[in-house]
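Work through the exercises below with the model open. Try each task before reading its solution.

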Amino acid sequence: MDNDLFVPMTPPNHFVKELRGVLDQQNILSAKTKQKVLRDLDQHICDDDEKRAAKLRTRAIQEICVSETNYIHQLDKLITYFKRPMEEQKLASSQVLNKLFGNVETILNVNKELLVQLHPAKENIGEVFLSTAPFLKLYSVYAFNYKNVLETLQDLPKSHPKLYRFVCVQESRPDVSAKLNSLLITPIQRIPRYLLLLRELLNYTPTEHKSYEEIKAATEQISKVADHINNLVQEQENMSRLVSIQRSLSGCGKVNIVLPGRKLIKEGPLMKVSPEGSTSIPRYLILLSDMILYCKEWVDPEKLVCLRVLPLNKCEAKSIMYKRGLFSISCQSVEFVFYTMDAPHATCSWVEMLQLAIDKCKANSLMPVKRCGPLKLVKRKKENDLNKYEENGFSSPTKKVKSLNNQKDTEVARTNQNTSYMTSARNLVFSFGSTLKKLVGRNSV
């Protein structure tokens, strides 16, 4: 008992570091003794750090396995207590159930296989995730459909009251004790969770460890999967908003803004300053990746009248008076001055967005790409120009150019025909001369 009281204890690491700092600064020991003590303290700190890193690495691996087990348990609960009973009792059509659950069963099968590989290979986590990463892109299908999942859940009380009552009963069961929406969001949160866990494991793995490169490669692959899913979701939201704007637009020949590759960058209400600077009128600006829609709101707040379409590669944007929130947009021969009703930083946001979009559009316009969509400054034709073409018998300048080209082709054909005729006549004269010489020679004989 008494001997146990005198068992030497290892001092805490922070105390050892503090002691090393004091000995390094003070001249308490001789140079040789000081060097030996500092070397021993450094070795102790190094060993302690390695043990701590190994402990944290083991804990990170365990957290990955435990987290995967809990996740699969949540998916099992979702399918066992909600999806399959709904299908068996035919509480809703297959279309509604597909909107609600998507490909969750496929995701469950992939993750079950991942868990099977994780348990025996706790020191080879990187290799397991590298082999599974391509299959994790299946999550993009679920994420793409998740907006429909939320809409279907919100409409359940009105559109499917019987199904809604069943959901409420299942949620209150002791063996479920979870809301349906909290179970449905777990696949959305899973890929970012993998990324956090792998980054933590990589942080606690020494660079000289045999699995370091595999864990690093696995982290990069999961990051690419997460980016792929995020891009798909953003594209869906962008396209959905473009369709909504398209339905609310009128004017400018009903411009078509829903095209592949076109993105919505920014939109919002602004105040346009009159040319005299005495008044201002409300306007609505829509910044796309290749054009600006200059609109005004109709009596119906959900309707917009498009007044002009400004090609972005012809535009310039600059801040005029930062403190008052003024900025201008110039495009060819027109210029608009706007200001925001919010704080000046809102104006700064508009100017930055505009300048970035303009620079990117101009850079892309240097590449030989096929134009799609109206990129010309849309404005009404002047009556004088129309009358000028109509007096000459043409309804538009395009038809006039086509007619002039046809006339040139006709003249060239006639010239070619005259040239061939003169050649034939010249050959005939030469042949007639030679024939006449032969006849004269015979008569003289």
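**Exercise 1. A residue in helix 12**

Ala357 sits in helix 12, which spans residues 344-365. The model is predicted. Task: decide whether Ala357 is buried or exposed, and list its contacts beyond four places in sequence.

Solution.
- Step 1. Take the relative accessible area of Ala357: 7%.
- Step 2. Buried means under 20%. Ala357 is therefore buried.
- Step 3. Set aside neighbours within four places in sequence. Ala357 then contacts Ile265, Leu287 and Leu312.
- Step 4. Check a distance. Ala357 and Lys266 are 91 residues apart in sequence, and their C-alpha atoms are 10.0 Å apart.

**Exercise 2. The chain and its confidence**

Task: summarise the chain, then say where the pLDDT is below 50.

Solution.
- Step 1. Count the elements. The chain holds 14 helices and 8 strands.
- Step 2. Look at burial. Of 445 residues, 34% count as buried.
- Step 3. Look at contact range. Take contacts with a separation of 6 or more; 61% of them join residues 24 or more positions apart.
- Step 4. Read the confidence. The average pLDDT is 77, and 67% of the residues score at least 70.
- Step 5. Find the weak stretches. Residues 1-9 have a pLDDT below 50, with 0 contacts beyond near neighbours in sequence. Residues 369-396 also stay under 50, but the model gives this stretch 38 contacts beyond four places in sequence.
- Step 6. Apply the rule. Where pLDDT is low, predicted coordinates should not be read in detail.

**Exercise 3. Helix 5 against helix 6**

Task: classify the packing of helix 5 and helix 6, and name the residues that make the contact.

Solution.
- Step 1. Two packed helices are described by an axis angle and an axis distance.
- Step 2. Helix 5 covers residues 104-118 and helix 6 covers residues 125-132; they pack at about 160°, with axes 10 Å apart.
- Step 3. Angles over 145 degrees count as roughly antiparallel. So helix 5 is roughly antiparallel to helix 6.
- Step 4. The crossing of helix 5 and helix 6 is right-handed.
- Step 5. Helix 5 contributes Val110, Leu114, Gln117 and Leu118; helix 6 contributes Ile125, Val128, Phe129, Ser131 and Thr132.
- Step 6. Sort this contact by class: 6 nonpolar, 3 polar and no charged residues.

**Exercise 4. Helix 7 and two partners**

Task: at what angles does helix 7 cross helix 10 and helix 8?

Solution.
- Step 1. Start with helix 7 (residues 139-159) and helix 10 (residues 186-203). Their axes come within 9 Å and cross at roughly 130°.
- Step 2. Helix 7 and helix 10 are therefore oblique to each other. The crossing is left-handed.
- Step 3. Tyr139, Tyr142, Ala143 and Tyr146 of helix 7 meet Pro187, Ile188, Arg190 and Ile191 of helix 10. By class, that is 7 nonpolar, no polar and 1 charged.
- Step 4. Turn to helix 8. The axes of helix 7 and helix 8 come within 6 Å and cross at roughly 115°.
- Step 5. Helix 7 and helix 8 are therefore roughly perpendicular. Their crossing is left-handed.
- Step 6. Leu156, Pro157, Lys158 and Ser159 in helix 7 meet Pro161, Leu163, Tyr164 and Val167 in helix 8. The classes are 6 nonpolar, 1 polar and 1 charged.

**Exercise 5. Leu163 up close**

Task: which residues does Leu163 contact beyond four places in sequence?

Solution.
- Step 1. Locate Leu163 in helix 8, residues 161-171.
- Step 2. Its relative accessibility is 0%, so Leu163 counts as buried.
- Step 3. The contacts of Leu163 are Met86, Leu91, Ala92 and Leu156, neighbours within four places left aside.
- Step 4. Leu91 is 72 residues from Leu163 in sequence, yet 5.7 Å away in space, C-alpha to C-alpha.

**Exercise 6. Positive phi**

Task: where do Ser177 and Gln332 lie, and is each buried or exposed?

Solution.
- Step 1. Most residues other than glycine have a negative phi.
- Step 2. Ser177 has a positive phi, near 45°. Ser177 lies in the loop between helix 8 and helix 9 (180-184).
- Step 3. With a relative accessible area of 56%, Ser177 is exposed.
- Step 4. Gln332 also has a positive phi, near 55°. Its loop joins strand 7 (326-331) and strand 8 (334-339).
- Step 5. At 53% relative accessibility, Gln332 counts as exposed.

Terms used. Residues are numbered from 1 along each chain as its sequence is written. This is a predicted model: local features need pLDDT of at least 70, side-chain atom pairs count only at pLDDT 80 or more; totals for chains, interfaces and linings use all residues. Side-chain values use heavy atoms; hydrogens and water are left out. Axes are lines fitted to C-alpha atoms, for helices over the stretch in contact, and angles run from 0 to 180 degrees between N-to-C directions. Helices (H or I, at least four residues) and strands (E, at least two) are DSSP runs, numbered from the N terminus. Angles under 35 degrees count as roughly parallel, over 145 as roughly antiparallel, 65 to 115 as roughly perpendicular and the rest as oblique. A crossing is left-handed if the near helix is turned anticlockwise from the far one by less than a right angle, and right-handed if clockwise. Contact means heavy atoms within 4.5 Å. Ala, Val, Leu, Ile, Met, Phe, Trp, Tyr, Cys and Pro count as nonpolar, Asp, Glu, Lys and Arg as charged, and the others, Gly among them, as polar. pLDDT is the predictor's confidence in each residue, from 0 to 100. Buried means under 20% relative accessible area, exposed over 50%, partly exposed in between (1.4 Å probe, protein chains only).
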